[in-house]
Amino acid sequence: SSGINAEWPLRPGEHLLRDIKDTTVGTLSQHLTTQVVALKSLHSKLQDISVYLTQVSDGKLPVNHPIIYQLQDVFNLLPNLNVPDLMKAFTVKTNDQNLVMYTASIIRAVIALHSLINNKTTNRAAEKEGSKKIEVEKEDKEEKEKDTKEDSNKKEVKS
């Protein structure tokens, strides 16, 4: 036996806030995974129905009237999607959801660029500090070598 579960439509992002508040609900990825599994199962069942109806129409299988009645009930319960108002409502809803996803993508990109710029400035500052330290170490080393040469020259002059 199989079943299809449906949820009331949520405003985009509402499920994310719910997941943050209540950790027992599950993550977004788990929710999407279950949705994908359910859609794959539905696709498989529809393919089975298509194969059955094809075999019946080809005469390979006898007509099973209870199955045909059930399929007729399913098709009668499907909504009429050719109504202009319904099509417009779906289009508006889809556009609103796509706008939210597009805006979220832009925000994530801006945040990523901001992090990249911060990282670059931090690395530059670290390189400058590192080069200053190297220069100071070279100068100290040169001074020590100079001092040791002067000391050795003084010792030679005294001798």
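Reading exposure, patches and helices

Colleague: Why is L42 called partly exposed?

Modeller: The model is predicted. In it, L42 has a relative accessible area of 31%. Partly exposed lies between under 20%, which is buried, and over 50%, which is exposed. The value of 31% falls between those limits, so L42 is partly exposed.

Colleague: Where is L42, and which patch is it part of?

Modeller: L42 sits in helix α2. With L39, L46, I49 and L53, L42 forms a nonpolar surface patch. Together these residues have about 400 Å² of accessible area.

Colleague: What makes L42 eligible for a patch?

Modeller: A patch residue needs over 30% relative accessible area and no salt bridge. L42 has 31%, so it passes the area cut-off.

Colleague: How do you know that the length of helix α2 agrees with its residue count?

Modeller: Helix α2 covers residues 28–57, which is 30 residues. The expected span takes 1.5 Å times one less than that number. This gives 44 Å, and the end C-alpha atoms are 43 Å apart, so the two agree.

Colleague: What follows α2?

Modeller: Just after α2 comes G59, with a positive phi of about 85°.

Colleague: What makes K128 exposed rather than partly exposed?

Modeller: Exposed requires over 50%. K128 has a relative accessible area of 57%, so K128 is exposed. K128 lies in helix α4. It gathers with K120, R124 and K132 in a positively charged surface patch.

Colleague: Is D147 exposed or partly exposed, and why?

Modeller: Partly exposed, because its relative accessibility is 42%. That is not over 50%, and not under 20%. D147 also belongs to helix α4, residues 84–158.

Colleague: Which residues form the negative patch with D147?

Modeller: E135, E137, E139, D140, E142, E143, E145 and E150 join D147 in that surface patch.

Colleague: What is the overall picture of the chain?

Modeller: The chain has 4 helices and 0 strands, in the order α-α-α-α. Buried residues are 3% of its 159 residues. Its accessible surface is about 14,600 Å², and carbon and sulfur atoms hold 60% of that.

Key:
Residues are numbered from 1 along each chain as its sequence is written. This is a predicted model: local features need pLDDT of at least 70, side-chain atom pairs count only at pLDDT 80 or more; totals for chains, interfaces and linings use all residues. Side-chain values use heavy atoms; hydrogens and water are left out. Helices (H or I, at least four residues) and strands (E, at least two) are DSSP runs, numbered from the N terminus. Buried means under 20% relative accessible area, exposed over 50%, partly exposed in between (1.4 Å probe, protein chains only). Accessible areas come from the Shrake-Rupley method with a 1.4 Å probe; for residues, only the protein chains shown count as cover. Patches are made of residues with over 30% relative accessible area and no salt bridge: like charges are joined within 9 Å, nonpolar side chains (Val, Leu, Ile, Met, Phe, Trp, Tyr) within 5 Å. A salt bridge is a side-chain nitrogen of Lys or Arg within 4 Å of a carboxyl oxygen of Asp or Glu. Lys and Arg count as positive and Asp and Glu as negative; His and the chain ends are not counted. The place of a charge is taken as NZ of Lys, CZ of Arg, CG of Asp or CD of Glu.
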